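Trainee: Could you take one part of this predicted model and go through it closely, following the chain from one element to the next? I would like a single connected account rather than a list.

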Amino acid sequence: MSVAQNPLSIQVTVPREDAVLLTVEGDLDIDTATELQHHLANQLHHGRRHFLLDVSSVPFMDSSGMNIILRVYQEARQTSGGVYVIRPTSAVRRILDLTGVSITVPTVESVEEALELVDARRSDAPPADSGPEEEPPAP
């Protein structure tokens, strides 16, 4: 199916300053993946660290789409951020599972669940100013 028959639609919303929700609709393949890449790069440029990808309306994804997800995951990790795939269709879930991406990139069922994971990661992270722990003085 060509892009003209099933164009990609991406809606961008910012549920909070450090996170962006990209709602993707249509096939995510070699013909359309660069559009998603442009949106993600723009959000990285604006300081977003957490990327919530709602792919519940993506009937098909090939390796191009998967590579975009992995690339943004690597970029987000450099800023202590993350990527969360929301409600993948069975075809998309199959690609993520077969390639092992779903082991690295969490798949969740809702935006709220993704934001809970963001908050949990934040609370697990050490404070920014923490240095090496000092040992107590010897008696």
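Mentor: In this predicted model, strand 1 (residues 9-16) and strand 2 run antiparallel and are joined by 6 bridges. The chain passes from strand 1 to strand 2 in a hairpin of 2 residues. Two of the pairings can be followed by residue: Arg16 has Ala19 as its bridge partner in strand 2, and Ile10 has Val24 as its partner in that strand.

Strand 2 itself, residues 19-25, is mostly covered, with 5 of its 7 residues buried. Besides strand 1, it pairs with strand 3 (residues 50-57), and here the two strands run parallel, again with 6 bridges between them. Within this pairing, Thr23 finds its bridge partner in Asp54 of strand 3. To get from strand 2 to strand 3 the chain goes through helix 1 (residues 33-45), and the resulting β-α-β crossover is right-handed.

Helix 1 deserves a check of its length before its faces are considered. Its 13 residues, at 1.5 Å a residue, should span 18 Å, and because the C-alpha atoms at its ends are 18 Å apart, the expected and modelled spans agree. As to burial, Ala33, Leu36, Leu40 and Gln43 are buried in helix 1, where buried stands for under 20% relative accessible area. These residues cover an arc of only 90° around the axis, and therefore lie on the same side of helix 1. The face turned away from that buried side carries His38 and His45, which are exposed, that is, over 50% by the same measure of relative accessible area.

What, then, covers the buried residues of helix 1? The cover includes strand 1, strand 2 and strand 3, together with helix 2 (63-77); thus both strands that the crossover connects, strand 2 and strand 3, are among the elements lying against the buried residues of the helix between them. Just after helix 1, on the way out of it, Gly47 takes a positive phi of about 90°, and the crossover then ends in strand 3, the parallel partner of strand 2.

Notes:
Residues numbered from 1 in each chain as written. Predicted model: local features only at pLDDT ≥ 70, side-chain atom pairs only at ≥ 80, totals over all residues. Heavy atoms only, no water. Buried < 20%, exposed > 50% of the residue type's maximum accessible area, 1.4 Å probe, protein only. Helix = DSSP H or I, 4+ residues; strand = E, 2+ residues; numbered from the N terminus. Pairing = 2+ DSSP bridges. Right-handed = clockwise from strand over helix to strand, strands pointing away. Expected span 1.5 Å × (residues − 1). Arc of directions from axis to C-beta. Contact = heavy atoms within 4.5 Å.
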